[in-house]
Amino acid sequence: MKPALIILAVTVITGLILYLNDRARRKNLPPGEAPDDVVIPEDGCSENCCAAHEVCPSETILRSELRCDVVYYDDYELDAFAGKKADEYSEDEVEQFRDVLYTMNRDDMLGWERSLKRRGIVMPASIHDELIALYNA
């Protein structure tokens, strides 16, 4: 019984220290601003994620180290779609995304999605689904 009480006491003390530390950090922020380590996705991963894994690729991208430069994956022609919504693509335009997707290595897929987001390009929903399926395969 005594070891359980010691573990409980250590857990409570650790929780109290973490709470006070977080509270002090938030106190120094301007009103309405979130701490730096909180990431709020613009497109919401829950709608687009396949739920096959604990963390979907979009969340991995959002949590990954941010890079200032944009990396192109031999997809310069996709810059023409900047600002277009995911449901506004014609079948020919979707094929342009598909051509790029199916010619890249699996290791480049998440970087490609990050590159598109940085360039203001939202990929068609069907291509996003294919990307997740290929990445998780």
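## Buried charges, aromatic rings and the nonpolar core

D75 and R119 are both buried, and in this predicted model the two residues form a salt bridge whose closest N and O atoms are 3.2 Å apart. The pair links distant parts of the chain, since D75 belongs to the loop between helix 3 (57-63) and helix 4, whereas R119 belongs to the loop between helix 5 and helix 6, 44 residues apart. Just after helix 5 there is also G120, which takes a positive phi of about 80 degrees.

The model holds six salt bridges, and the table lists three of them, among them the D75 pair.

| Salt bridge | Closest N and O atoms |
|---|---|
| D75 and R119 | 3.2 Å |
| R98 and E91 | 4.0 Å |
| E130 and R98 | 2.7 Å |

The bridge between E130 and R98 again joins distant parts of the chain, with E130 in helix 6 and R98 in helix 4, 32 residues apart. Through shared partners, salt bridges join E91, E95, R98 and E130 into one network. The members of this network do not have one common exposure: R98 counts as buried because its relative accessibility is 18%, and E130 counts as buried at 18% as well, while E91 is exposed with a relative accessible area of 54%.

The aromatic residues give a second set of contacts, with four aromatic pairs in the structure. F81 and Y89 make an edge-to-face pair, 5.4 Å centre to centre with 80 degrees between the planes, and both residues are buried. The rings of Y89 and F97 have their centres 5.2 Å apart and their planes at 75 degrees, so this pair is edge-to-face too; F97, like Y89, is buried. Together F81, Y89 and F97 form one aromatic cluster.

F97 also appears in the largest nonpolar core, which has 16 residues and in which L78, F97 and W112 touch the most other members. Helix 4 (91-101), helix 5 (109-118) and helix 6 each supply at least two residues of this core, and the largest share, four residues, comes from helix 4. Beyond its neighbours within four places in sequence, W112 is in contact with a set of residues including Y73, D75, L78, F97, V100 and L101, and D75 in that set is the residue that bridges to R119. W112 is one of the buried residues of helix 5, together with M109, L110, G111, E113, S115 and L116. Because seven of the 10 residues of helix 5 are buried, this helix is largely enclosed by the rest of the structure.

On helix 6 (residues 125-136), L134 counts as partly exposed because its relative accessibility is 27%. Residues up to four places away in sequence aside, L134 touches L101, Y102, R106 and M109. L134 and Y102 are 32 residues apart in sequence, yet their C-alpha atoms are 9.0 Å apart in space. R106 has a further partner, as its charged end sits over the ring of Y135, 4.2 Å from the ring centre.

Confidence varies along the chain. The protein averages a pLDDT of 77, with 70% of the residues scoring at least 70; helix 4 has the highest mean, at 93, and helix 2 (residues 45-48) the lowest, at 46. Over residues 38-48 the pLDDT is below 50, and this stretch has 10 contacts in the model beyond near neighbours in sequence.

Note on methods:
Residues are numbered from 1 along each chain as its sequence is written. This is a predicted model: local features need pLDDT of at least 70, side-chain atom pairs count only at pLDDT 80 or more; totals for chains, interfaces and linings use all residues. Side-chain values use heavy atoms; hydrogens and water are left out. Buried means under 20% relative accessible area, exposed over 50%, partly exposed in between (1.4 Å probe, protein chains only). Contact means heavy atoms within 4.5 Å. Rings of Phe, Tyr and Trp (its six-membered ring) pair if their centres lie within 6.5 Å; planes under 30 degrees apart count as stacked, over 60 as edge-to-face and the rest as tilted. A charge sits over a ring if NZ of Lys or CZ of Arg is within 6 Å of the ring centre and within 35 degrees of the ring normal. A nonpolar core is a set of buried Ala, Val, Leu, Ile, Met, Phe, Trp, Tyr and Cys residues joined through side-chain atoms within 4.5 Å. pLDDT is the predictor's confidence in each residue, from 0 to 100. A salt bridge is a side-chain nitrogen of Lys or Arg within 4 Å of a carboxyl oxygen of Asp or Glu.
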